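Dear colleague,

I am passing on the structure we spoke about, and my notes on it follow below. Please read them with the model open beside you.

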Amino acid sequence: MAKMLDGLTVLDFTWALSGPFCTMTLCDLGARVIKVETPESGDGFRRVGPFVNGNSAYFSSVNRGKDSISLNLKHPKAVEIVQRLALKVDVVAENFRSGVMERLGLGYRALSELNPRLVYLSVSGFGQTGPYKDRPAFDVVIQGLSGVMSINGAEGGEPTRVGTSVGDIVPGLYGVIGILSALHQRERTGHGCYVDIGMMDGVVAIVENAIMRYWATGEVPGPIGSRHPAITPFSSFPTADGFVVIALANNAVQWERFCNLLGMPELNGDPRFADGQARNQHVHQLTGIINDRMRARPTAHWLEELRKADIPSAKVNTVADLFVDPQVKARNMLIEIDQPGIGRQIMPGTPVKASGFDDAITRHAPGVGENTDAVLSGLLGMSEPEVDELRLAGAI
């Protein structure tokens, strides 16, 4: 089936989450991704749960569709294989600590001398420059340093990690953007380039509103729960059987409709809530009033009233609710993969929908080295005895 990145080949040295999420996204869009793993043990995230039948569902959820070759990068023959593969691929991606690939002789400078058209992506905790560049990093480290944890959580509460791994996933997506941009400029110039993504950089970039507020006011933002720092009501509210989110912005007509559907038209004339700025200044008083009123009726009642008033709103879904949500189903955002060793596995699909291209994803995540023979024979023209010799030598 047609994919936008058909014909693109990526040599993938990534592990854990940020790098694999990046290359999985490229794979979903049609690129052939050849994942390089350590013989036998493979990517360390194969040993991170949850497990089904002893197999990591976490690993397979971010490595679907890829080929896997096993290479012992400490062996000179394995390094030679990478050098030969670099002549055949469009992109090399890695997310080791700064300097690791250079010490192996497989950094951008070495491989681009062999293939000047090569696009080379490095995702690391702090990028290749700066005083932190040699530090190790995982998601929670990045969430802490970037300021994200300081503005997340219950109002007045302690710093809280965002429930999804934004410290990994956001830099992974910036990696996709960097690779595609580099490929575009290669079409103009004939030359690839080096793309340096720091996980901390990626997450600092999405702290946007809090950074602007601090710059503008000098006040240090803190956690405020689900509400917006500058718009009210713009938050989650309790109902008789759940929670509803309401996003009213600063629209006077919507505010009047909202007061009426609450059965409290007098709020529209209350000077404390006269406009967006006033409502924001009295957010706690207004929130208490709304909470008391909305707790009296179930979620379905409020959603219907809010829909009729054309006010942006939604039920607060649990993860379980996503499995039956009609919008998720209509957009093919939960897909089913037949994963060897696991069986039927449900995972998120691709959010990229483009006219003329199919968004179906059917290929499972590979076993360690599952495609070694096919890649070496197909891309490098190696014979079966040559591959066997490499295996006996401990290179693959």
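To begin with one small point, in which loop does Pro-233 lie? Pro-233 lies in the loop between helix 9 (208-217) and strand 9, where helices (H or I, at least four residues) and strands (E, at least two) are DSSP runs, numbered from the N terminus. The peptide bond that leads into Pro-233 from Thr-232 is cis, with omega near -5 degrees. A cis peptide bond also joins Gly-49 and Pro-50, with omega about 10 degrees, and Pro-50 is found in the loop between strand 2 and strand 3 (51-52).

Before going further, please note that this is a predicted model, in which local features need pLDDT of at least 70 and side-chain atom pairs count only at pLDDT 80 or more, while totals for chains, interfaces and linings use all residues. Residues are numbered from 1 along each chain as its sequence is written, and side-chain values use heavy atoms, with hydrogens and water left out.

Two sheets

An open sheet of 6 strands has the order 5-2-1-6-7-8 with parallel pairing, and two strands are said to pair if DSSP finds at least two bridges between them. Its edge strands, each of which pairs on one side only, are strand 5 (67-70) and strand 8 (194-198). From one strand to the next the twist averages 20 degrees, given that axes are lines fitted to C-alpha atoms, for helices over the stretch in contact, and that angles run from 0 to 180 degrees between N-to-C directions. Strand 2 (residues 32-37) and strand 5 run parallel and are joined by 4 bridges, and Lys-35 stands opposite Ser-68 in strand 5.

An open sheet of 3 strands has the order 9-10-11, with antiparallel pairing; here strand 9 and strand 11 are the edge strands, each pairing on one side only. Strand 9 (residues 234-238) is joined to strand 10 by 5 bridges, and these two strands form a hairpin with 4 residues between them. Strand 10 and strand 11 (residues 313-315) pair in the antiparallel sense over 3 bridges. Ile-246 of strand 10 is the bridge partner of Ser-235, and the partner of Ile-246 in strand 11 is Ser-313.

In a regular strand the side chains alternate between the two faces of the sheet. Along strand 10 (residues 243-247), Val-244 and Ile-246 point to one face and are buried, while Phe-243, Val-245 and Ala-247 point to the other and are not; buried means under 20% relative accessible area, exposed over 50%, and partly exposed in between (1.4 Å probe, protein chains only). Helix 12 (residues 283-294) packs on this sheet, touching strand 9 and strand 10, and its direction makes about 40 degrees with that of strand 9.

Helix 7 and its partners

Helix 1 (residues 18-28) and helix 7 pack at an angle of about 45 degrees, with their axes 8 Å apart, which makes helix 1 oblique to helix 7. Angles under 35 degrees count as roughly parallel, over 145 as roughly antiparallel, 65 to 115 as roughly perpendicular and the rest as oblique. The contact (heavy atoms within 4.5 Å) involves residues of helix 1 including Phe-21 and Leu-26, and residues of helix 7 including Gly-172 and Val-176.

Helix 6 (residues 139-146) and helix 7 (residues 166-189) pack at an angle of about 85 degrees, with their axes 7 Å apart, and helix 6 is therefore roughly perpendicular to helix 7. Asp-139, Ile-142 and Gln-143 of helix 6 meet Val-166, Gly-167 and Asp-168 of helix 7.

Three loop residues

Ala-16, in the loop between strand 1 (9-12) and helix 1, has a positive phi of about 65 degrees although it is not a glycine, and Ala-16 is buried, with a relative accessible area of 8%. Asp-310, in the loop between helix 13 (299-308) and strand 11, has a phi near 60 degrees, but Asp-310 is exposed, with a relative accessible area of 55%. Phe-323, in the loop between helix 14 (319-322) and helix 15 (326-330), is exposed as well, at 51%. Leaving aside its neighbours within four places in sequence, Phe-323 is in contact with Leu-334 and Ile-346.

With best wishes
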